[in-house]
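Visitor: Please give me a close look at one part of this model, namely the packing of its segments against one another. I should like the account to begin with the chain as a whole and then to proceed piece by piece.

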Amino acid sequence: MSQILPEHLSLWAYGLIVGAIILIRYALFAGIGFGVLRLFPKRAARRRISPVPVTRKQMWREAGYSVLTVAVFAAVFTAVFYAARDWGWFYIYRDASAYGWVWYALSLPAAVLIHDFYFYWAHRLMHLPGIYDRVHKVHHLSVNPTPLAAFAFHPVEAVIESLSFVIVVSAMPIHTSMLMHFAAYMMATNVMGHLGYEMFPRGFARSKWLGWLMTATCHNQHHRTYRYNYGLYTVIWDRLFGTIHPQYEALYDRITEDAGEAAEESGTPVLTQ
Ligand SMILES: [Zn+2]
Ligand SMILES: [Zn+2]
């Protein structure tokens, strides 16, 4: 397998670099999440999903646990890169044409689907009594989460989440650049899910083509109800295994349908009382 860990760097130095990249990516995407809300203030004002107030203390807690998660991810990912370099483990490669360009392109959706399936079941199991109180409760302390909650996990959950990466690089060949795209897509979806505001268009949740993708409404509903909607990237497994919230589409419709928006989209001013 390819060499993705430079020879001249010590393991500690490499671990720090990996940690810095994960931390910057987390901060950048969470920042983009807040930035989108500032960029579209009218839409955000109409599209607040939950009435539960967000506190400053909550945001500090979300950021604190997320930094802990970054440390756990950095340790696990560095170990994977080390094992790939020194022991030839895992299918991470650097020559983009090694498995053909078709696979190069397909490896991203394949990695996302593997991660989505793993996340769904790991998440569902973490809601079992006994495990929930000890581990997953930390994430659910945010009843109405913010983008900072994207990595707000108990360290044990951080280890469980990091295993998805180990499974992907064990199950299929993936190019180093695709690993970066995969991580970026994961972060974007994760931040979007915790946005607290539904910025996607009306009809999205019921769309034949896009309705299988995760929405902020769907994951916010999970944080409020503690049951249903366990997916990360998609609602495929929730629909397949019967755990989609029975009111998901109705809630989505209610959050996204209002006269002001219809007027904005059609260009016709609507008089409101
Ligand atoms: Zn949960
Ligand atoms: Zn969450």
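Guide: Residues 24 or more positions apart account for 74% of the contacts in the chain with a separation of 6 or more, two residues being in contact if their C-beta atoms, placed from the backbone, lie within 7 Å. The model is predicted: local features need pLDDT of at least 70 and side-chain atom pairs count only at pLDDT 80 or more, whereas totals for chains, interfaces and linings use all residues. Residues are numbered from 1 along each chain as its sequence is written, and chains are lettered from A and ligands numbered from 1 in the order in which they are written.

The chain has eleven helices and two strands, these being DSSP runs numbered from the N terminus (helices H or I, at least four residues; strands E, at least two). Along the sequence their order is α-α-α-β-α-α-α-β-α-α-α-α-α. The radius of gyration is 20 Å, which agrees with the value near 19 Å for a compact globule of 273 residues; the radius is taken over C-alpha atoms, and the globule rule is 2.2 Å times the number of residues to the power 0.38. Along the principal axes, the C-alpha atoms fill a box of roughly 70 × 40 × 35 Å. Of the 273 residues, 35% count as buried. A residue is buried if 20 or more other C-beta atoms, placed from the backbone, lie within 10 Å of its own, exposed if 12 or fewer, and partly exposed in between.

The packing of helix H7 (residues 176-193) comes next. Helix H1 (residues 11-39) packs against H7 at an angle of about 40°, with the axes 9 Å apart. This makes H1 oblique to H7. Axes are lines fitted to C-alpha atoms, for helices over the stretch in contact, and angles run from 0 to 180 degrees between N-to-C directions; angles under 35 degrees count as roughly parallel, over 145 as roughly antiparallel, 65 to 115 as roughly perpendicular and the rest as oblique. The crossing of H1 and H7 is right-handed, a crossing being left-handed if the near helix is turned anticlockwise from the far one by less than a right angle, and right-handed if clockwise. From H1, Arg 25, Tyr 26, Phe 29, Ala 30 and Gly 33 meet Ala 183, Ala 184, Met 187, Ala 188 and Val 191 of H7.

Helix H4 (101-126) also packs against H7, at an angle of about 40° with the axes 10 Å apart. H4 and H7 are therefore oblique to each other, and their crossing is right-handed. Tyr 104, Ser 107, Leu 108, Ala 111, Val 112 and His 115 on the H4 side meet Met 178, His 181, Phe 182, Tyr 185 and Met 186 on the H7 side.

Tyr 26 of H1 leads on to helix H3 (residues 56-86), where Ser 66 is placed. Beyond its neighbours within four places in sequence, Ser 66 is in contact with Tyr 26, Leu 148, Ala 150, Phe 151 and Ala 152. Ser 66 counts as buried because it has 22 C-beta neighbours inside 10 Å.

H4 takes part in a further arrangement, around helix H5 (residues 131-140). The buried residues of H5 are Val 135, His 136 and His 139. They cover an arc of only 65° around the axis, so they lie on the same side of H5; the arc is that of the directions from the helix axis to the C-beta atoms. H4 and helix H6 (155-171) are among the elements covering these buried residues, while the face turned away carries the exposed residues Asp 133 and Arg 134. In the loop between H4 and H5 lies Pro 129, which counts as exposed because it has 6 C-beta neighbours inside 10 Å.

Towards the C terminus, the buried residues of helix H10 (residues 248-256) are Tyr 248, Tyr 252, Ile 255 and Thr 256. Seen down the axis, they fall within an arc of 85° and so line one face of H10. Their cover includes H8. The loop between helix H8 (216-225) and helix H9 (236-240) holds Tyr 226, which has a positive phi of about 65° although it is not a glycine. Asn 229, in the loop between H8 and H9, has a positive phi of about 55° and is not a glycine either. Tyr 226 counts as exposed because it has 12 C-beta neighbours inside 10 Å, whereas Asn 229 counts as buried because it has 24.
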